[in-house]
Amino acid sequence: MSIFNRIFNFRSRDKPQNFLPGSTFSFLFGGSTAGKTVNERTAMQTTAVYACVRILAETVASLPLHTYKYTAMGKEKAIKHSLYSLLHDSPNPDMTSFVFRETLMSHLLVYGNAYAQIVRDGSGRVMGLYPLMPRLWR
């Protein structure tokens, strides 16, 4: 190594090295060469990530959602099905169907999975759906 390289601390670009302390794979678990932690929260604070997640989640949530049943003639909408009003109108008293589906889609995009708690009555009928934070279930 020449004196010039030692003074200016040049590194070869074709042989990158991980200079973070700790594990050699620490860059996979949140660290970066810039020294900033990258996770779901910090990524969503970036305008580009937030905009992409928002556009995809709103687009998917705006698609029509119907329940169907099979008949002898093919399939038809099952408007009188017990889950139709939950999925189409309001899955719980606090959310509309759009907000519920937008939340689940954003969880899917950011965390890689989406979960909803199913609330049932005494006879087993579904009474409500509530989104759960995916991070808690890892």
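In which helix is Ser106 found? Ser106 belongs to helix α5, which spans residues 97–111. The legends below describe a predicted model, beginning with the whole chain.

**Figure 1. Overview of the chain in the predicted model.** The secondary structure comprises five helices and four strands. Read from the N terminus, these elements follow the order α-α-α-β-β-α-α-β-β. The chain has 138 residues, of which 17% are buried. Its exposed surface amounts to about 10900 Å², with carbon and sulfur atoms supplying 61% of that area. Among contacts with a separation of 6 or more, 39% join residues 24 or more positions apart.

**Figure 2. Close-up of Ser106 in helix α5.** Ser106 has a relative accessible area of 18% and therefore counts as buried, since the limit for that class is under 20%. A polar atom of the Ser106 side chain lies 2.8 Å from the backbone oxygen of Thr103. When residues up to four places away in sequence are not counted, Ser106 touches Val53 and Ala57.

**Figure 3. Close-up of Leu87 in helix α4.** Helix α4 covers residues 84–88 and includes Leu87. The relative accessibility of Leu87 is 28%, so this residue is classed as partly exposed. With residues up to four places away in sequence left out, Leu87 touches Leu65, Thr67, Ser97, Arg101 and Leu129.

**Figure 4. Close-up of the pair Leu87 and Leu65.** These two residues stand 22 residues apart along the chain, and their C-alpha atoms are separated by 7.1 Å. Leu65 is also one of the residues that Leu87 touches.

Conventions. Residues numbered from 1 in each chain as written. Predicted model: local features only at pLDDT ≥ 70, side-chain atom pairs only at ≥ 80, totals over all residues. Heavy atoms only, no water. Helix = DSSP H or I, 4+ residues; strand = E, 2+ residues; numbered from the N terminus. Buried < 20%, exposed > 50% of the residue type's maximum accessible area, 1.4 Å probe, protein only. Contact = heavy atoms within 4.5 Å. Polar contact = N/O pair within 3.5 Å; in protein donor to acceptor, adjacent residues only side chain to side chain. Areas by Shrake-Rupley, 256 points an atom, 1.4 Å probe, with all protein chains shown as cover.
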